Number of protein chains: 2
Amino acid sequence: MLDLSNWDESTNMKPAGMPNRAEVVALTAGLRQKLISSEEFADLLAAAADEELTPMQHANLRVAGYAHKNALAIPADLLKESKRVYSDCEVTWQQARPNNDWSSVLPKLEHAIGIAIQISQCLGETFDLDPYDALMNQYEPGIQQASVDGMFADIREFLVNAVPKVEAAQQAPTRMAGIFKADDQLALAEICMQELGFDFGRGRLDQSAHPFSCGNAFDARITTRLSQDDFSESLFAVFHETGHARYTQNQPSEWVLQFAGEPTGMAVHESQSLFMEMQVCRSDAFLEFVYPLVEEHLRPTDDTTGWSLDNFRRAVRFVNRGLIRVYADEMTYPFHILLRYALEKQLCKGELAVKDIPDAWNLHMRDMLGVDTRGNYQDGCMQDIHWFAGLFGYFPCYLLGAIFAAQLQEACIHKIGEQTERIRQGDFSAISTWLAENIHAQGSLMEGEQLIQSVTGSEMSARSYISHLKRRYVDA
Amino acid sequence: MLDLSNWDESTNMKPAGMPNRAEVVALTAGLRQKLISSEEFADLLAAAADEELTPMQHANLRVAGYAHKNALAIPADLLKESKRVYSDCEVTWQQARPNNDWSSVLPKLEHAIGIAIQISQCLGETFDLDPYDALMNQYEPGIQQASVDGMFADIREFLVNAVPKVEAAQQAPTRMAGIFKADDQLALAEICMQELGFDFGRGRLDQSAHPFSCGNAFDARITTRLSQDDFSESLFAVFHETGHARYTQNQPSEWVLQFAGEPTGMAVHESQSLFMEMQVCRSDAFLEFVYPLVEEHLRPTDDTTGWSLDNFRRAVRFVNRGLIRVYADEMTYPFHILLRYALEKQLCKGELAVKDIPDAWNLHMRDMLGVDTRGNYQDGCMQDIHWFAGLFGYFPCYLLGAIFAAQLQEACIHKIGEQTERIRQGDFSAISTWLAENIHAQGSLMEGEQLIQSVTGSEMSARSYISHLKRRYVDA
């Protein structure tokens, strides 16, 4: 219900409905919290632990137990306070960002981060974890800085050297001419989704301000944002969300209302969207497959400037240092996460004051991307909603997803053979089946790291991801 | 949330999502039932009763108290069983109706009506009411056969004489030529809704298989069903649902999540849709106002057969005895309700066996409308979902709504003067304000009968309604 409510808010509801809706959502979330933290729930968990359990039942108990402990970890007063403070901070941010107004949001953010640190300490105590690890575990259970730090350092080392080389060698794309009608873009998107295995009998595509995916195995929905001047941002968002949606549509349907019937974590979820978007849809073979479809739906008859497969490939592969994470290309995107991860850890440990975020942001951006963000808060530390809405420990999932996707791609090829020719023909069946069986249908049977290890036969590592970037961008 | 879920099922969700959605809805409804019937809830009610209360707080306590007693009246096992049996019966009906297959749904309906009778007895005992009165009270609190019987008998007596006279005097309309595009019909509908005071900043219009309205003061939504061959059925459905939606949009917003902030009953709700559809939108003045708009949006350029204001008026006023309630005209519609009301009472008292419904149906249809329904179950006793879904005691609300609407219309004219000229100019402001203040903004401050009495200064009576029909159809 909360998932549906969120979808409705982003696609159909008029803004005037929001305050009342927010209250209903808070009441509903409060009821859920009360149920999950109840003694009755604890008794059910204890009774189930004494039973003979199948592996999936065992997983169900594991995830339910985590949810129960998590609900009890945070004192009711602190939880209530956090919702108020986060909501207040988010609203202030919404208004302050367009005005580049850091000073008005600063006190609210200080309050919000103070609360987040308190919560991280409660969670750390309950789960006997470092506080920041405990925050990350809310989104990807089991993940720890001990393993993330090394992988992220490897990626940084590679990129700092590789990006300038790629930039020097690449040729800039020309804008593909045209004014692209919403209906044409949506028709193309739906055809692509179908080709990629999205089941429209159990899902929908709609428009919203920011692309997202939601739902369950019986009803998976994605959205995209359309621009009449640029079709490719929207199209690749559709590919990305289709990866999420296929994960959702292939969840074990007999477990749909149970804890274990949910995707195991947000890094694994992101691995599925990035597998689709980056591993499959930005590959040479896929671009060759999809380009004629794009031409058929969107190429103007008068001005065809920029309309060639080569230029299309250059456009969707162009490496371009920018300030904004969500607009970043595949090569520079990781820098944006490395920056946020570093700052979150420092904030959480009290090694960075909230007021010093802009300076720290600028230093990282200068060191990694060589861009200057001084004074530009709205495209700097005010660009993402996450911190202002109380989301701490989420950012690493984006890059972990890219790492997992590359590991899975290697394992997939190893298992079912090179798929380049099939992708070129528009046949994604072998890949789809392999992912559905090995990842999607597993639900929360295993935690993410264990799942990746079990499917790939290798430890979690950035090696495959770095090889992938090297192959696509450096050796190309 | 349940309201939103229902809207989503009818407008957006693919059928494959239904089984899982139904389970989520059942779980949510169960949680609500548990909360409302809890001792904690009872204690809160008792504590509030000792306070100094404003009239609205007092009403809130009244409605909450009714909900609490209602939730306790039905044993949990019986309630659970009823949901299973009603759902099973409804599914069987869905499949059996297109095949005119009465015999396969009969045992399920016997089971469903048996359960409904048990529930009516539980409710009757709890509220110290006749069981059928207790059923009606679930939809329109306070209403009783003692007053309904007399009004319905008056209506029957009038109509049995009047309908043949009207039929003899009227002229049949010609079909208005055209194939009407969905976009054109929706554009016209939205303009009309705006004219009638629907606030699109707090609501939406969508399409669904059956028109309905839902939502709250901050987010009111209506739907319509479009046909490319006939625009007027859809357009008048939009007028009808706009009446509901204006009631919803004008509820007291500071009470939005409270019991007293809800419309007071379904008969009053129906009075608002019928005030709009019948009193306002089928009036001569409104038809004169709206006809140019209809022409502008829908009149074909080639064949304009039937396109005149006179013919349009004839079409939306034509009295035509038919088998189907939802397609009935204003004059014959009441017969359909009188029939169902009579049968429900007999079924509830055990004076009619379920297997004898088709014969009883045919007798009533023959006596009142002179039509033969023998052997035609799908357009006879199988036409409405209500009984098959366990809805007993609801039907009278439709006709009570028409009665209330006519009483309100008289009171409104008495208070603010004749509005004919203003309606002809498209100025509905005085009527809108009067209804908003006197009915909509009252929420559940009073029960329906009391509200009508307080606003009109008269007892509930069919007199105004009969005068209205006489004026429009007999004296015309």
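Mentor: Buried means under 20% relative accessible area, exposed means over 50%, and partly exposed lies in between, with a 1.4 Å probe and protein chains only. The structure is a predicted model: local features need pLDDT of at least 70, side-chain atom pairs count only at pLDDT 80 or more, and totals for chains, interfaces and linings use all residues. Residues are numbered from 1 along each chain as its sequence is written, chains are lettered from A and ligands numbered from 1 in the order in which they are written, and side-chain values use heavy atoms, with hydrogens and water left out.

Trainee: Why is N20(B) called buried?

Mentor: Its relative accessibility is 7%. The cut-off is under 20%, so N20(B) counts as buried. N20(B) sits in helix α2 of chain B, residues 18-36. A helix here is a DSSP run of H or I, at least four residues long, numbered from the N terminus.

Trainee: What does N20(B) touch?

Mentor: Leaving out residues up to four places away in sequence, N20(B) touches N216(A), F218(A), V256(A) and L257(A). Touching means contact: heavy atoms within 4.5 Å.

Trainee: How do you know how the two copies are related?

Mentor: Superpose them by least squares on the C-alpha atoms of residues with pLDDT of at least 70 in both. A turn of 180° and a shift of 0.0 Å along the axis lay chain B on chain A, with an RMSD of 0.0 Å. The copies are thus related as by a two-fold rotation axis. In chain B, M1(B) has the C-alpha nearest the axis, 3.4 Å from it. Both copies use the same surface: 100% of the contact residues of chain B recur in chain A.

Trainee: What makes α8(A) and α20(A) roughly parallel?

Mentor: The angle. Helix α8 (residues 145-169) and helix α20 (residues 463-474) of chain A pack at about 0°, with axes 11 Å apart. Axes are lines fitted to C-alpha atoms over the stretch in contact, and angles run from 0 to 180 degrees between N-to-C directions. Under 35 degrees is roughly parallel, over 145 roughly antiparallel, 65 to 115 roughly perpendicular and the rest oblique. The value falls in the first class, so α8(A) and α20(A) are roughly parallel.

Trainee: Which residues of α8(A) and α20(A) meet?

Mentor: From α8(A): D154(A), I155(A), F158(A), L159(A), A162(A) and V166(A). From α20(A): Y465(A), I466(A), L469(A), K470(A), Y473(A) and V474(A). That contact holds 10 nonpolar, no polar and 2 charged residues. Ala, Val, Leu, Ile, Met, Phe, Trp, Tyr, Cys and Pro count as nonpolar, Asp, Glu, Lys and Arg as charged, and the others, Gly among them, as polar.

Trainee: What makes α16(A) roughly perpendicular to α20(A)?

Mentor: Helix α16 (residues 396-416) of chain A packs on α20(A) at about 85°, with axes 7 Å apart. That angle is within the perpendicular range, so α16(A) is roughly perpendicular to α20(A). L399(A), A402(A), I403(A), A406(A), Q407(A) and E410(A) of α16(A) make the contact with R463(A), S464(A), Y465(A) and H468(A) of α20(A). This contact divides into 5 nonpolar, 3 polar and 2 charged residues.

Trainee: How do you know how many disulfides there are?

Mentor: A disulfide is a pair of cysteine sulfur atoms within 2.5 Å. By that rule the count is 0 over all chains. C281(A) has its nearest cysteine sulfur, that of C192(A), 7.9 Å away. C281(A) is also buried, at 0% relative accessibility. In chain B, C192(B) is 7.9 Å from the sulfur of C281(B), its nearest, and is in no disulfide. C192(B) is buried too, with a relative accessible area of 3%.

Trainee: Why is N100(A) called partly exposed?

Mentor: Its relative accessibility is 23%, which lies between the two cut-offs, so N100(A) counts as partly exposed. N100(A) lies in the loop between α5 (76-96) and α6 (102-127) of chain A. N100(A) also has a positive phi of about 55°, although it is not a glycine. Most residues other than glycine have a negative phi.

Trainee: Why is Y327(A) called exposed?

Mentor: Its relative accessible area is 55%, over the 50% cut-off, so Y327(A) is exposed. Y327(A) is in the loop between α13 (309-317) and α14 (333-349) of chain A. Y327(A) touches R225(A) and E233(A), not counting residues up to four places away in sequence. Y327(A) and E233(A) are 94 residues apart in sequence and 8.5 Å apart in space, C-alpha to C-alpha.

Methods:
Helix = DSSP H or I, 4+ residues; strand = E, 2+ residues; numbered from the N terminus.
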